[in-house]
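This report describes a predicted model. The sequence and coordinates follow, and the sections after them treat backbone, sheet, core and side-chain contacts in turn.

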Amino acid sequence: MSGIRDPRSRKFKIGSIAVASLVLSLLGSPAHSAYTVAPKYRQCFNHSKVDVFAPSPLKNPVSCSKIHTAEIYYVGTWPSSTPPWALSDSDALDIAASVCNNTPALNYFTDYFNYWAWFTPSQSAWKKGERWLRCDAMFVTNISTAKTSNDYRFKSWTGARL
């Protein structure tokens, strides 16, 4: 008899189901696409516009030696007991700006960076006690000509700038 398994055998069916389940679980696992690490100064990210305008981070950091579009320039504690999503957009932005706009790292906002975004933990992470505020630096290539932030084009680079 050859080494080929009979596809009707029980072992073959169980093995096939196990392999298929493993592949599907890896492809559909939210841990591979959701933000799961604590933010740290100088981590790098390859943000898309969707990532930049999301209420909480969607991606984990990438190596700064690889192509990226953002670097964390400040990590601190959200300075209000009210979660950001419970505030108006304007009030939440004012709180974030009061922190992100008053850090020594803003000295780098010259040729390297001209735009910042802020992130806080997701609602589920907030419920677990996380209270950080993260400020990311980016460079918008068309900041003076874009009609709205939806038109922004973010520059990519390799190597840390902070």
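## Arginine 42 and its backbone

Arginine 42 is partly exposed, because its relative accessible area of 36% falls between the limits of 20% for buried and 50% for exposed. This arginine is placed in the loop between helix 1 (10-28) and strand 1. Its phi is near 80°, a positive value in a residue other than glycine. Most residues other than glycine have a negative phi.

## The sheet

Strands of a sheet pair through backbone hydrogen bonds, in either a parallel or an antiparallel sense. In the predicted model, four strands make up an open sheet, ordered 1-2-4-3, with antiparallel pairing. Strand 1 (44-45) and strand 3 are at the edges with a single partner strand each, so one side of each has no neighbour in the sheet.

Strand 4 pairs with strand 2 (residues 70-77) over six bridges in the antiparallel sense. One of the residues involved is isoleucine 72, whose bridge partner in strand 4 is aspartate 136. Strand 4 is also joined to strand 3 by five bridges, again with the strands running antiparallel. Here tryptophan 116 stands opposite alanine 137 of strand 4.

## Enclosure of strand 4

Is strand 4 largely enclosed by the rest of the structure, or left open? Seven of its seven residues are buried, so the strand is largely enclosed. Trp132, Arg134, Asp136 and Met138 point one way from strand 4, while Leu133, Cys135 and Ala137 point the other way. Both sets are buried, including the charged residues Arg134 and Asp136.

## Nonpolar cores

The largest nonpolar core has 18 residues, of which Tyr73, Trp78, Cys100, Trp116, Trp118 and Leu133 touch the most other members. Helix 3, strand 3 and strand 4 each supply at least two residues of this core. The largest share, six residues, comes from helix 3.

Leucine 133 illustrates how such a member is surrounded. Apart from neighbours within four places in sequence, leucine 133 is in contact with Tyr74, Val75, Gly76, Thr77, Trp78, Ala96, Val99, Trp118, Phe119 and Thr120. A second, separate core of 14 residues includes Val52, Ala117, Met138 and Tyr152.

## Aromatic pairs

A pair of aromatic rings is described by the distance of the centres and the angle of the planes. The count in this model comes to eight aromatic pairs. In one of them, the ring centres of phenylalanine 113 and tryptophan 157 are 5.8 Å apart and the planes are at 65°; an angle over 60 degrees counts as edge-to-face, and therefore this pair is edge-to-face. The pair links distant parts of the chain, 44 residues apart: phenylalanine 113 is in the loop between helix 3 (89-100) and strand 3 (115-119), and tryptophan 157 is in the segment after strand 4 (132-138). Phenylalanine 113 is buried, at a relative accessible area of 1%, and tryptophan 157 is buried at 5%.

Tyrosine 152 and phenylalanine 154 form another edge-to-face pair, with ring centres 6.4 Å apart and planes at 90°. Tyrosine 152 counts as buried at 13% relative accessibility, and phenylalanine 154 is buried with a relative accessible area of 15%. Elsewhere, Tyr35, Phe45 and Trp132 are linked into a cluster by ring pairs.

## Charged side chains

Which charged residues lie over the faces of phenylalanine 45 and phenylalanine 139? Arginine 134 lies over the face of phenylalanine 45, at 4.0 Å from the ring centre. Lysine 155 lies over the face of phenylalanine 139, where the distance to the ring centre is 5.6 Å.

The count of salt bridges comes to two. In one, aspartate 136 is bridged to arginine 134, with the closest N and O atoms 2.6 Å apart; both of these residues are buried. Arginine 134 thus combines this salt bridge with its position over the ring of phenylalanine 45.

The other salt bridge joins lysine 59 to aspartate 51, the closest N and O atoms being 2.9 Å apart. Are lysine 59 and aspartate 51 buried or partly exposed? Lysine 59 counts as partly exposed at 35% relative accessibility, whereas aspartate 51, at 4%, counts as buried.

Definitions and conventions:
Residues numbered from 1 in each chain as written. Predicted model: local features only at pLDDT ≥ 70, side-chain atom pairs only at ≥ 80, totals over all residues. Heavy atoms only, no water. Phe/Tyr/Trp six-rings, centres within 6.5 Å; stacked < 30°, edge-to-face > 60°. Buried < 20%, exposed > 50% of the residue type's maximum accessible area, 1.4 Å probe, protein only. Lys NZ or Arg CZ within 6 Å of the ring centre and 35° of its normal. Salt bridge = Lys/Arg side-chain N within 4 Å of Asp/Glu carboxyl O. Core = buried A, V, L, I, M, F, W, Y, C linked by side-chain atoms within 4.5 Å. Contact = heavy atoms within 4.5 Å. Pairing = 2+ DSSP bridges.
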